[in-house]
Amino acid sequence: MEYTEFGKTGLKVSRLCLGTWGIGGYGWDANPDDVRKDAIREALRQGINFFDTAPAYNAGAAERLLGDVLAETGERKNVIISTKCGNDLIDGQYVQIAKRDYLLKQIDRSLKNLRTDYIDVYFLHWPAKDGDAAEQEALETMEEIRRSGKVRFLGLSNHSREQCEKAMTYAKIDALQMQFSALVEDNVSILDWGVRDQGLGTMGYGPLAGGILTGRYREARTYGKMDNRSRFYDYYQEPLFSRAMKVVKVLDEISANHGGAALSDIILCWTARKRFLSTVIFGTQKASRVIENCRSLDLALSEEEMRAIDRAAEAWAGEKKMA
Ligand SMILES: NC(=O)c1ccc[n+]([C@@H]2O[C@H](COP(=O)([O-])OP(=O)(O)OC[C@H]3O[C@@H](n4cnc5c(N)ncnc54)[C@H](OP(=O)(O)O)[C@@H]3O)[C@@H](O)[C@H]2O)c1
């Protein structure tokens with residue numbers, strides 16, 4: 001595993017972070033609790049020291065499984081946890097609530113779920129949906145929580161640059177978490193601004209584009225309404241599916257140059273080399289895939305191969321804009 005400074009926080013984080021959305025057990029393929037816990041145990045063995053979770057990941061279930069494994073292994077003090085606020089899963093639906101009273105309860109639930117008395121990095125999951133006053137209330141509450149010692153650093157997730165600049169007037173912000181993959185490059189400039197101009201720690205989520213860039217989906221199919229392959233990621237159905245396959249084809253060609261290397265290794269290696277990301281959050285429920293994904297940092301992609309993926313990503317973005 002490689003480690004890097006996380007902005008100006010003084011935290012030294014692994015270049016790969018384990019995301020726990022799938023591990024929460026809702027909106028993705030179903031696996032038993034112990035299989036999902038094993039993925040966390042394996043991440044610890046592989047030297048991953050950064051874990052991303054959220055109360056919205058199956059109403060605290062992901063936080064609880066992570067808390068259980070950290071308690072069982074005694075590793076809490078050696079790892080960095082990011083969790084989030086302002087978003088939740090209630091009766092199977094994602095709900096944004098950024099009110100002070102709710103956030104003060106939500107942090108205490110997260111601490112209990114995670115079996116800890118502090119969170120390392122605490123994100124506002126989404127910009128408050130009710131506008132500026134609601135966003136200000138959320139951020140001032142987060143600042144209050146930070147000052148109380150329950151969290152060490154605050155971050156913004158899924159915010160625009162303008163929203164970030166405003167947020168920074170309400171709270172001390174040290175981190176950004178944004179979507180980034182070869183199929184979603186919209187956040188490059190904000191991540192770049194965060195790292196270079198603001199000295200923030202940056203986390204890129206969804207590097208496998210929800211799994212499609214691993215090459216495991218070769219045909220479009222329909223998923224349930226709350227499955228994230230229909231609800232959150234929009235290229236699992238036509239017409240975008242076939243276009244995404246063009247990017248996968250480029251990864252297939254690169255794989256052939258590397259003796260059939262896994263596409264997941266190629267795309268994670270490409271993502272982890274992006275300078276605007278301190279760390280890359282991948283999700284999996286399986287220990288075997290944690291091992292596979294951690295190998296990706298050893299892959300030696302040539303400059304030309306890196307550029308070939310850049311070009312495929314640009315062509316995809318161009319076609320998507322025209323669609
Ligand atoms: N801030 C936010 O709003 C936000 C939004 C989305 C995600 N996130 C964070 O980012 C993390 C990662 O995002 P994500 O989970 O949505 O997407 P992702 O990491 O791009 O893809 C996850 C999917 O890829 C599959 N996968 C992983 N490794 C694989 C491999 N080697 N071979 C084949 N398939 C593989 C997983 O399936 P299996 O489980 O079956 O292995 C899973 O379905 C989340 O867990 C969460 O912590 C944050």
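In which order do the 8 strands close into a barrel? The order is β3-β4-β5-β8-β9-β10-β11-β12, and the pairing is parallel. From one strand to the next, the twist averages 30 degrees. This is a predicted model, so every value below is computed from predicted coordinates.

Take one pair of neighbours in the barrel. Strand β4 covers residues 50–52, and strand β5 covers residues 80–85. The two run parallel, joined by 3 bridges. One residue pair can be named here: F51 has I81 in β5 as its bridge partner.

Now turn to the ligand. The space it takes is the largest pocket. Around the ligand stand 33 residues. The closest are D52, Y233, G283, T284 and E292. Two elements that each supply at least two residues of this shell are β12 (279–283) and α11 (287–295). β12 is also the strand written last in the barrel order.

Next, the polar contacts. Backbone and side chain both take part. A polar backbone atom of L208 lies 2.8 Å from an oxygen atom of the ligand. For a polar backbone atom of A209, the distance to a ligand oxygen atom is 3.1 Å. R216 uses its side chain instead: one of its polar atoms is 2.9 Å from an oxygen atom of the ligand. How much of the ligand does the protein bury? Taken alone, the ligand exposes 900 Å², and the protein buries 96% of that.

Two backbone details remain. Most residues other than glycine have a negative phi, and most peptide bonds are trans. Each of the next two sites departs from one of those patterns.

The first site is N58. N58 is not a glycine, yet its phi is positive, at about 60 degrees. N58 sits in the loop between β4 and α3 (61–73). That loop follows the strand whose partner is β5.

The second site is the bond between E238 and P239. This peptide bond is cis, with omega at about 5 degrees. Where does P239 lie? P239 is in the loop between α8 (228–231) and α9 (240–257).

Technical notes: Residues numbered from 1 in each chain as written. Predicted model: local features only at pLDDT ≥ 70, side-chain atom pairs only at ≥ 80, totals over all residues. Heavy atoms only, no water. Pairing = 2+ DSSP bridges. Helix = DSSP H or I, 4+ residues; strand = E, 2+ residues; numbered from the N terminus. Axes fitted to C-alpha atoms, helices over the stretch in contact; angles between N-to-C directions. Near = heavy atom within 4 Å. Polar contact = N/O pair within 3.5 Å; in protein donor to acceptor, adjacent residues only side chain to side chain. Areas by Shrake-Rupley, 256 points an atom, 1.4 Å probe, with all protein chains shown as cover. 1 Å grid on protein atoms, 1.4 Å probe; cavity = no way out; pocket = protein on both sides within 12 Å on 5 of 7 lines; lining within 4 Å. Sits in = over half its atoms within 2 Å of the grid points.
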